[in-house]
Structure formats: C-alpha cells, structure tokens
Amino acid sequence: VPPADFARMDFERLDAGANISAHLNGFVKPYDVIALMTVLPMTAQLFCNMESARYTSGGATHLLLLGTEHEVPVAPVVQLLRDTY
C-alpha cells in the first residue's frame, strides 16, 4: 500500500483484532506463507541457521531463500496451512 493510501484510509488505527478480509484479494502465494513462517514463534526456528540466505542492503537485512540449501521441511508448512484453513 503506498504511504498516501495508507494515511488516507487510516490503516494505522487497525489493531490485531481488525477484520482485514475486505482488504485481501482472495489468494495467498507460497512465498506469502514462507514469509509469515519466518516470523511466527512456532516456525521461526526453521530459518535461524540460514546465514547464507541473509542479504543486507540499505540497513535492512533480507532473507532470500533462493537455493536448494534454503529449503524448509514440508511438514511444518503443511501443518501451518492445515491449522489455519
């Protein structure tokens, strides 16, 4: 969301209990699931030993999971999706 739209739509007021379904476009991509898993307490440990995937630019560190050595086990992904949906 561009900053101007974020301010105009007053998204800052949204909290963890906000219903955001009206703002979603109806699909989730595989990279969305993996990005979420990198910060969830129950799955973040899967990514803690992937130093070769870390890239720092402009003061921000990114996790670029581009190689086969960065694959995560399928079972936790499936379990997260089952628990969620």
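**View 1. Arg13 pairs with Asp10 in a salt bridge.** At 57% relative accessibility, Arg13 counts as exposed (over 50% relative accessible area; buried is under 20% and partly exposed is in between, with a 1.4 Å probe and protein chains only). Its partner Asp10 is partly exposed, at 38%. The closest N and O atoms of the two are 3.3 Å apart, and a salt bridge here is a side-chain nitrogen of Lys or Arg within 4 Å of a carboxyl oxygen of Asp or Glu. A search of the whole structure turns up 3 salt bridges.

This is a predicted model, with local features needing pLDDT of at least 70, side-chain atom pairs counting only at pLDDT 80 or more, and totals for chains, interfaces and linings using all residues. Residues are numbered from 1 along each chain as its sequence is written, and side-chain values use heavy atoms, leaving out hydrogens and water.

**View 2. Asp5 meets Arg8 within helix α1.** Their side chains form a salt bridge at 3.2 Å, N to O. Because they sit 3 residues apart in the helix, about one helical turn separates them. Arg8 is exposed at 59%, while Asp5 is partly exposed at 26%. Helices (H or I, at least four residues) and strands (E, at least two) are DSSP runs, numbered from the N terminus.

**View 3. Glu51 reaches Arg54 in a salt bridge.** Here the closest N and O atoms are 3.1 Å apart. Glu51 is exposed, with 54% relative accessibility, and Arg54 is partly exposed, with 35%.

**View 4. The largest nonpolar core has 9 residues.** Its members are Val33, Met37, Leu40, Phe47, Met50, Ala53, Val72, Val77 and Leu80. Helices α2 and α3 (74–84) each supply at least two of them. Such a core is a set of buried Ala, Val, Leu, Ile, Met, Phe, Trp, Tyr and Cys residues joined through side-chain atoms within 4.5 Å.

**View 5. Leu63 sits in strand β2 (residues 60–63).** Leu63 is partly exposed, at 26%. Setting aside neighbours within four places in sequence, Leu63 is in contact (heavy atoms within 4.5 Å) with Thr38, Phe47, Met50, Ala53 and Arg54. On the same basis, the contacts of Ala53 include Leu64, Leu65 and His70.

**View 6. Ile20 lies in the loop between α1 (3–8) and α2.** Ile20 is partly exposed, with a relative accessible area of 43%. Together with Leu14 and Leu24, Ile20 makes a nonpolar surface patch of about 260 Å².

Methods:
Patch = residues over 30% accessible without salt bridge, like charges linked within 9 Å, V, L, I, M, F, W, Y side chains within 5 Å. Areas by Shrake-Rupley, 256 points an atom, 1.4 Å probe, with all protein chains shown as cover.
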